[in-house]
Amino acid sequence: MSKQPDERAERFAALYEATYADLVRFAQRRVPEVQAEDTVAEAFLAAWRRLDDVPAQLPQARAWLFGIVRNTILNSHRGARRQQAVAVRLAEVATTSLPDDAELVARQIDLARAWERLSAVHQEALALAVIDDLPGREAAAVLGITSVAYRLRLSRARNALRGQLDHRPTPAVRVTERQPS
């Protein structure tokens, strides 16, 4: 067995021990407290993946990790804003339809409600494909995953949306005939 993996693990463990508490406090000042540890965990995952890029000296490595935590927070905020923007656009479509076609309006409202019940992951996959019109390879690059993983995620998102739409309550349609006067 080579020593390189052990040295790598030891370096990461030392970096973790030296910076974790400071990074959590940094994150807690910028995100809700319940998200701080997850944010720092994402940063350490990036550090593990890019351990060769982490500066060798602790002060520089610490600053590098603070930057990673900051970028993780910014990415999270951008994702939340994108989800909100998509939800707003869906709501606008549902409310700006012509009132003459009640069935179309009802379908759009059902779609908007189903969209709200989807997970953020499913919303993102569908938005990249349908709203942003990105091909699978480009959408996968946006998410930082493989094309195969994106296709699987998109398929699951479509199935989840179908499931939400299939489980919507059937509106009771009341038909009344007018009596001739």
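A salt bridge, as the term is used here, is a side-chain nitrogen of Lys or Arg within 4 Å of a carboxyl oxygen of Asp or Glu. The structure before you is a predicted model, and a search of the whole of it finds four such salt bridges. I shall present three contacts, including two that share a residue.

Let me begin with R8 and D52. Their closest N and O atoms lie 3.5 Å apart, and the two residues form a salt bridge. This pair links distant parts of the chain: R8 belongs to helix α1, residues 4-28, while D52 sits in the loop between α2 (33-49) and α3 (58-95), 44 residues apart. R8 counts as partly exposed, because its relative accessibility is 26%. D52, at 70% relative accessibility, counts as exposed.

I turn next to D22. Which residue does D22 meet in a salt bridge at 2.3 Å, N to O? The partner is R25. Both residues are in helix α1, three residues apart, and so about one helical turn separates them. R25 is partly exposed, with a relative accessible area of 44%. D22 is also partly exposed, at 23%.

D22 has a further partner in R62: these two form a salt bridge whose closest N and O atoms are 3.2 Å apart. Here again distant parts of the chain are linked, with R62 in helix α3 and D22 in helix α1, 40 residues apart. The relative accessible area of R62 is 34%, which means that R62 is partly exposed.

Taken together, D22, R25 and R62 are joined into one network by salt bridges that share partners.

Technical notes: Residues are numbered from 1 along each chain as its sequence is written. This is a predicted model: local features need pLDDT of at least 70, side-chain atom pairs count only at pLDDT 80 or more; totals for chains, interfaces and linings use all residues. Side-chain values use heavy atoms; hydrogens and water are left out. Helices (H or I, at least four residues) and strands (E, at least two) are DSSP runs, numbered from the N terminus. Buried means under 20% relative accessible area, exposed over 50%, partly exposed in between (1.4 Å probe, protein chains only).
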